[in-house]
Amino acid sequence: MITLRDLNRATLARQLLLRRHAMPALEAVEHLVGLQAQAPFPPYFGLWSRLSGFEPGELARLLEERHVVRLVLMRGTVHLVSAADSLTLRPLTQPQLTRYLHSAYGSRIAALDLDAVVAAGRRALDGGPLTGAALGARLAGEFPGVKAADLAQIMRILVPLVQVPPRAVWGRSGQTAYATAESWLGRDPDPRPSPETLVRRYLAAFGPATVADAQAWSGLTGLREVVERLRPELVTLTGPDGRELFDLPGAPRPGGEAPAPVRLLAPFDNLLLSHADRTRVIADADRPRVITVNGQVLGTVLVDGFVRGTWKRDKAVVSVELFAPVTGAQAEEIRAEAAALLAFAAPGSAHDIRGV
């Protein structure tokens, strides 16, 4: 049996959060199997919290040079992933996305020829990237009586559409415009993606974990059979609640007494969203303070490995809200980390740290 602290430290080690790593951003993105990117800029802060010497221009260049892309993947949410991973992960997640389309839209699309919509949408995108509104308007001309927004959403769900720069490029702004992954990357999706490889990579980035955890992260069902096929090559552990956990042989499990430095996690950080049981990093009672009723996930403060508060940035000001008192040494560590975040995000400005 491993304790909750053991589980916490193992997960933090996989998430590159027990120390900052000297690692290229692209390597980190692939190790983490992407970063959730519902908003354009949280991935920059997600990498800053994990990598030493990371500068925003490194990720911006990866986006502009098409080494990383943003598209809908796990859990039906936008992720920033490597170009190679986008072509493997999207085919694996597509069945779940297709089921969502039919369950969410039901009678609104029952009479539609979805294959025809997809073919028309691809033709529209042959001329170059389009915003969702422009894509929907083009399709509405071919499918009268159907809402343009619904037609654009059908394309977004059934076709791997990447959000193209300048969207999400640090220091720039731009509307969300889409291109097909195939046209943007010049490669087709993997025709035979491996769910076994997906599970191994999940465990490398988020383990040890249960089957339910892997399904919560991916949004996929039926992973029990995949894990059972892998069982001979996996380590099995007993979690603090008695459930069976799976892990990779040799994966880091540093033990519950390993020191965990203060970290300011990005909004939408996958550390908080990738397990069915999230108590390894956040108490159930604190989750409503972090995940809002409209689906926003606030930036969080890790103290001794667990979420102990939230943070927000407004230009050169970081405001911290702690859920409970911390020691003087921990407060100083939070202030130092907030100052480092502002030096990263707002260099050259007069900085202000509030609430701690």
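**Reading the folds of a predicted model**

Modeller: L16 is found in the loop between helix 1 (4-14) and helix 2 (25-31). This is a predicted model, and L16 is a convenient place to begin.

Colleague: What is the sign of phi at L16?

Modeller: Phi is positive there, about 65°, although L16 is not a glycine.

Colleague: Which peptide bonds are cis, and where do they sit?

Modeller: One joins P165 and P166, with omega about 15°. P166 belongs to the loop that connects strand 5 (161-163) with strand 6 (177-180). Another cis bond runs from G207 to P208, where omega is near -5°. P208 lies in the loop between helix 10 and helix 11 (211-218).

Colleague: Now the sheets. How do strands of a sheet pair?

Modeller: They pair through backbone hydrogen bonds, and the sense is either parallel or antiparallel. In this model, three strands form an open sheet in the order 1-3-2, with antiparallel pairing. Strand 1 (35-36) and strand 2 (68-72) each have a single partner strand, so one side of each has no neighbour in the sheet.

Colleague: How many bridges hold strand 1 to strand 3?

Modeller: Two bridges, in the antiparallel sense, with strand 3 spanning residues 78-82. To fix the register, note that L35 stands opposite L80 in strand 3. Helix 4 (residues 56-64) packs on this sheet and touches strand 2 and strand 3. The direction of helix 4 makes about 75° with that of strand 2.

Colleague: What is the strand order in the sheet of five strands?

Modeller: The order is 9-10-11-12-13; this sheet is also open, and its pairing is mixed. Its edge strands are strand 9 (263-265) and strand 13 (352-354), each pairing on one side only. From one strand to the next, the twist averages 25°.

Colleague: How should I follow the pairing across that sheet?

Modeller: Take the neighbours in turn. Strand 9 pairs with strand 10 (residues 299-303) over three bridges in the antiparallel sense, and R263 stands opposite L302 in strand 10. Strand 10 and strand 11 run antiparallel and are joined by five bridges; here T300 faces T310 in strand 11 as its opposite residue. Strand 11 and strand 12 are also antiparallel, with six bridges between them, and R313 stands opposite V318 in strand 12.

Colleague: Where do the side chains of a regular strand go?

Modeller: They alternate between the two faces of the sheet.

Colleague: Which residues take a positive phi in the hairpins?

Modeller: In the hairpin of strand 10 and strand 11, with two residues between the strands, D304 has a positive phi near 55°. The hairpin of strand 11 and strand 12 also has two residues between its strands, and K315 in that turn has a positive phi of about 60°.

Colleague: Which helix lies across the five strands?

Modeller: Helix 14 (residues 328-345) does: it lies across strand 9, strand 10, strand 11 (306-314), strand 12 (317-322) and strand 13. Helix 14 runs at about 150° to strand 12.

Colleague: On to helix packing. At what angle do helix 6 and helix 7 pack?

Modeller: The angle between helix 6 (residues 114-125) and helix 7 (residues 132-140) is about 125°, and their axes are 10 Å apart. That angle makes helix 6 oblique to helix 7. The crossing is right-handed. In the contact, V117, A120, G121, A124 and L125 of helix 6 meet L135, R138 and L139 of helix 7. These contact residues comprise six nonpolar, one polar and one charged.

Colleague: How do helix 6 and helix 8 cross?

Modeller: Their axes come within 10 Å and cross at roughly 90°, helix 8 being residues 148-158. Helix 6 and helix 8 are therefore roughly perpendicular to each other. On the helix 6 side, L114, V117, V118, G121, R122 and L125 meet L151, I154, M155 and L158 in helix 8. Eight residues of this contact are nonpolar, one is polar and one is charged.

Colleague: Last, what describes a pair of aromatic rings?

Modeller: The distance of the centres and the angle of the planes. With ring centres within 6.5 Å as the cut-off, the count comes to twelve aromatic pairs. One of them is Y202 with F206, at 5.3 Å centre to centre and 20° between the planes, which is stacked. Both residues lie in helix 10 (residues 195-206), four residues apart, about one turn of the helix.

Definitions and conventions:
Residues numbered from 1 in each chain as written. Predicted model: local features only at pLDDT ≥ 70, side-chain atom pairs only at ≥ 80, totals over all residues. Heavy atoms only, no water. Axes fitted to C-alpha atoms, helices over the stretch in contact; angles between N-to-C directions. Parallel < 35°, antiparallel > 145°, perpendicular 65-115°, else oblique. Left-handed = near helix turned anticlockwise from the far one by under 90°. Contact = heavy atoms within 4.5 Å. Nonpolar A, V, L, I, M, F, W, Y, C, P; charged D, E, K, R; others polar. Pairing = 2+ DSSP bridges. Phe/Tyr/Trp six-rings, centres within 6.5 Å; stacked < 30°, edge-to-face > 60°.
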